[in-house]
Amino acid sequence: MSAEVTVGVISAIVAVAGLGVSYLQLRRTSTSSALRWSARCRAPIVIGDVPREPLAYTRRAALLEELARAVANGPVTVLTGGRGVGKTHLVATYTRESLARRLRLVLWVVAEDAAAITTALAAVACEVKLVDTVVDADAAAKAALRWIEQRTSPSLIVLDNALDPDAVLPWLPRRGQARVLITTTNRDFAQLGTEVRVAVFTPAQAAAFLCTRSGLDDLEQAALVAHELGDLPLALSQAGAVIRRRRQSFRDYLAGLSTGSLTSMLARVPGDDYPDSVEQATLRSIADAEAADPTGVAQRIVDLMALLSPAGVRRDLLYYLPIERFGVDDALATLAGASVVGFDVTGTVVVMHRLTRRFALTRMRTQGRVRAAAQEATRVLGATAAAAPPSGTDVVDHVADVWAAMYRDLNGDPEAEELLSELLRLRRWSVERLGILGESSRSLTTAFAVLKEHQNTDGIDDEAVFLARRALINAGIGTHRELDVLAFAEEALADRMRVHGPDEVATVAARNSLGYCCECAGLLERALEIHRYNLQESLRICGPDARSTMAARINIASTLRSMGRNDDAVLIFEENLRENIRVYGPEHESTINARGELARAYVRAGRAAEAVMLHEINAVLRRAEAAGIQFMWWPQYRAAAYSAAGRHGEAIALLRGLVEQAEAGLPRDNPSLIRLRLFLARALLAAGQGRRAMRLFERVVQDRERVLGADHTASLNARRNLGLALAVRGQRRRAASVLTDVLADYIRVLGETHPYAVSARSSLEQLPLLHEFPP
């Protein structure tokens, strides 16, 4: 082999070896790069700061399940709700748990500024090497969006606190496996995907969270604080931090919450993910909504709802604003879209969170709109109170809340005297309205408060105070609390004597009210004396045809009937009916009342057939069946007449219908409902249905003692009725025991000579002869 060949072979070998080394080096380099990329891809890509789990974290399992179902069913899920309800932390929980389940890509954007979405997507482009550096953020963001759409594995994009649907829409993936979660107060976003409504904590969640957040262990007191804060998670978080920092008890914090500044009681927690205090966040939502409504109606509705009941406002009540109906609806849509207000499930009641209400009220005071807002609220409520059909207790609640919110601001302001006078008129209307609706106990409680309000308000005249006192007297009679209001009836008469003298109709009416109060309280001798004197005065001052004369005459007869002097009572009732027919005609309201009272007296006198005839005349007259709680008044006595006449089936059917109607519309403690059950018990006993009757007699005793007290005359009368029913049933020993005990209590409470005590003693003496219930 020549030297040249040898050299060539050696060169070829060296070349091949070099190629081999180069190949191995290239292979090692490629493998190393691939391993590095693979290692980097195994770690999840997280762009943006996912909020950490907060202190005292409460996992809202039901909402998380709803969120998971929504994500599984569509590419975009929108979480809506007011500020501070916990939307961000709910999504953060879902995101952290998704990362723990090996989700590979998360993009978390605080999306108040739409430009933040572009910036975040551009950061994704850099992270996955779609671009080396971001020169054109918009182009890089679009490249990242296309890349996300092409991924075969899931991605999660969170747009937290988004404000503008139009600004967000271009950056939503249109295909692929990506899922988008949007948190917002703007319900217009709901059209982009599946909506999940996030509300406040449940009461149990709120109390537990507050205990953990504050470091205190008192769930009962924590629940009270949480209720005052409307169970709002952000408010509870900030309140808990304040309690912990100040080392307060829940009781002390609650006291400060009712009297102090909300700004200091709900301060932002340093280091918290949430950037605002509750107040700042709430006022920002209100301002955003009002800015979107150039008509200014939204602000008027916010001001109005800040004064009305936090339980909610009927939408139709807002239509009493001097604004076109469509304007109110548009403003409500704007406010609801910003989660400043919400609706109940029927869409007929508008609700504002209690803290939003308080912040709005504070803003109103700061901006000097208190009197104007109170005037508008008073006009709206006045129109609602005068509307037909009559309003329910919601308007009563609204009137009370406007008064409570405005009294300190307006009392002492000479320019507000007329406004306060109108508000007090609505407060008196509330007392009457509660009585009509059967809310008798609340009517009396409200009446006491309303009288004090009249007495403590500057510039209110004596006549308005008198009207408040009269409303209290009527409420006391309506609740069988005549003794509690007797002193006020005496004051009312003294007031009329002082202002008008003895020769005025107003004085006669006040004396009649005092006499009736005495009669209902069982002070029969005094009542009879007052009514007899009042009849003389009414004849002298008003004449024989006056309503006051008719009232005085019928009250004398009624008192005689209560005293057991039925024959004397019947004669006067008959005279009274003749006089009413002569003066007013047979169908007048006063005549109907006179006819009904005579029928009651006929039943007592054993003249049941005549009583039935009179009641049936009344029954065919339209005005005989009154509205409200009075719907039962004459029908129950008609049923008693049927029973006394042996028409038991008609009596029981009528009374059962009345009981069902009353139970559906009246509170369980309403005295009129309890009395109606007593009527039914007596009818059942007369019809031979003793077992059913006895259950009702015993229930009436229990209910009256619970509602009125054991020593109230109505409670004592119920026990006497029970004793008589036992005697009719043949249970003589137990009947004797019941009647003996009630006689002792009659004597102790009313005196030995009182007609009720005399009647009870007579029943006890005649016990062996009792075979039917006395009329």
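A residue counts as buried when its relative accessible area is under 20%, as exposed when it is over 50%, and as partly exposed in between. Keep that handy; the model you're looking at is predicted.

**Exercise 1. Find out how long helix H3 is, and check its reach against the expected span.**

Step 1: H3 covers residues 87-100, which gives it 14 residues.
Step 2: At 1.5 Å a residue, the expected span is 20 Å.
Step 3: From its first C-alpha to its last, H3 reaches 20 Å, close to that expectation.
Step 4: Now look just past the end of the helix: Arg102 takes a positive phi of about 75° there.

**Exercise 2. List the buried residues of H3 and say what they pack against.**

Step 1: Go along the helix and pick out the buried ones: Lys87, Leu90, Val91, Ala92, Thr93, Tyr94, Thr95 and Ser98.
Step 2: Here's a handy bit of background: an α-helix has 3.6 residues a turn, so residues three or four places apart point the same way.
Step 3: Look for the partners. The buried residues of H3 pack against helix H2 (61-73). They also pack against four strands: E2 (76-80), E3 (105-110), E4 (155-160) and E5 (178-184).

**Exercise 3. Arg83 and Asp288 form a salt bridge. Work out where each residue sits, and whether it is buried or partly exposed.**

Step 1: Their side chains meet at 3.7 Å, N to O; that passes as a salt bridge because the cut-off is within 4 Å.
Step 2: Arg83 lies in the loop between E2 and H3, while Asp288 belongs to helix H12 (residues 278-291). With their positions 205 residues apart, the pair links distant parts of the chain.
Step 3: Arg83 has a relative accessible area of 10%, so it is buried. Asp288 comes out at 39%, so it is partly exposed.

**Exercise 4. Do the same for Glu574 and Arg607.**

Step 1: The two side chains meet in a salt bridge of 3.6 Å, N to O.
Step 2: Glu574 is in helix H26 (residues 566-584), and Arg607 is in the loop between helix H27 (589-604) and helix H28 (608-619). They're 33 residues apart.
Step 3: Glu574, at 18% relative accessibility, counts as buried, whereas Arg607, at 29%, is partly exposed.

**Exercise 5. How many salt bridges are there, and which residues are linked in a network?**

Step 1: The count comes to 49 salt bridges. One of them joins Asp316 and Arg314 at 2.8 Å, N to O.
Step 2: The network links Glu663, Arg668, Asp669, Arg677, Arg699, Asp703 and Arg706.

Note on methods. Residues numbered from 1 in each chain as written. Predicted model: local features only at pLDDT ≥ 70, side-chain atom pairs only at ≥ 80, totals over all residues. Heavy atoms only, no water. Helix = DSSP H or I, 4+ residues; strand = E, 2+ residues; numbered from the N terminus. Expected span 1.5 Å × (residues − 1). Buried < 20%, exposed > 50% of the residue type's maximum accessible area, 1.4 Å probe, protein only. Contact = heavy atoms within 4.5 Å.
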